[in-house]
Amino acid sequence: MFTIQIADLVVELDNRFSYVEELCREYKVEGKQPLFSVSATKEEIDEELKISGLSLPRAYAEATCLHRHIARRLSEYGAFLLHSAVISCDGKGYAFAARSGVGKSTHIGLWLKCFGDRARVVNGDKPIMRKEGERFLVYGTPWNGKERLGDNICCEMKALCFLERGETNSIEEIGAEEALVRLFSQIYLPEDALASAATLDLLGEFINKTKFYLLHCNMEDEAALVAYRGMNKGDEK
């Protein structure tokens, strides 16, 4: 059993396997009262292994279950999980969402290459968005994808960009209605009716306060530059 601080929320993890504690090493805290505690039963771990259909270690399955239990509680604290890759550039967060295999991790790698010290990966797979006043902050989490890209940092959200493969690079701003349709497949929606309703309310606020873009891109360096310029049109330095 140990405690982590994630998205400024202190959570206790009652774990069975040491893998989980190692996974969360950079997020561990001591001496802080947890807001809630999560654990995974043997039956839940068995079910996770069955659903995945893969020969995964039980420790990995436990980590997935614990992550899901945390995600179910986030709406109570004005937060939700968004399946995306997020990079911070000049202190602002840029999220990239796409179908599996399109190349989110590859794209944020282009940002690191193009912008150097100005850019830093927040999370490569499962960041948390949390409302603070009139803005949304994006936070890194221990669950950051198979490439393990990300840090225990946060920044203010600037924009969210949906990625699609293309031979040439082009970007366009899209409206709230299209963004909502695309976002639905990228957020974690709890099974509990009240938590689900709270998450949808948060998503509505997120859409109202965030700019959304559609980027058709290849995997050349220019893709990062086109994305950055498109999302900073009018206020680029």
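This passage covers model confidence, strand 6 and its partners, two loop aspartates, and the aromatic contacts.

The structure is a predicted model, in which local features need pLDDT of at least 70 and side-chain atom pairs count only at pLDDT 80 or more, while totals for chains, interfaces and linings use all residues. Residues are numbered from 1 along each chain as its sequence is written, and side-chain values use heavy atoms, with hydrogens and water left out. Mean pLDDT (the predictor's confidence in each residue, from 0 to 100) comes to 93 for the chain, with 99% of residues at 70 or more. Helices and strands here are DSSP runs (H or I, at least four residues; E, at least two), numbered from the N terminus. Confidence bottoms out in helix 2 (residues 42–52), at a mean of 92, and peaks in strand 2 (residues 9–14), at 98.

Strand 6 (85–89) is well tucked away, with five of its five residues buried (under 20% relative accessible area; exposed is over 50%, partly exposed in between, with a 1.4 Å probe and protein chains only). In a regular strand, side chains alternate between the two faces of the sheet. Here Ala85, Ile87 and Cys89 point one way, and Val86 and Ser88 the other. Two strands count as paired if DSSP finds at least two bridges between them. Strand 6 runs antiparallel to strand 7 over five bridges, with cysteine 89 partnered by lysine 92. Four bridges also tie strand 6 to strand 8 (residues 119–123), again antiparallel, and there valine 86 sits opposite asparagine 123.

Most residues other than glycine have a negative phi. Aspartate 90 goes the other way, near 55 degrees, in the strand 6–strand 7 hairpin, which has two residues between the strands. Aspartate 90 counts as partly exposed because its relative accessibility is 32%. Aspartate 8 also has a positive phi, near 65 degrees, and lies in the loop between strand 1 (2–6) and strand 2.

As for the rings, the whole structure holds 13 aromatic pairs (Phe, Tyr or Trp, the last by its six-membered ring, with centres within 6.5 Å; planes under 30 degrees apart are stacked, over 60 edge-to-face, the rest tilted). One of them, phenylalanine 96 with tryptophan 111, is edge-to-face at 5.5 Å and 65 degrees. This pair joins strand 7 to helix 4 (residues 104–115), 15 residues apart, and both rings belong to buried residues. Phenylalanine 136 and phenylalanine 206 are also edge-to-face, at 5.3 Å and 85 degrees, linking strand 10 (residues 135–139) with helix 6 (residues 193–209) across 70 residues.
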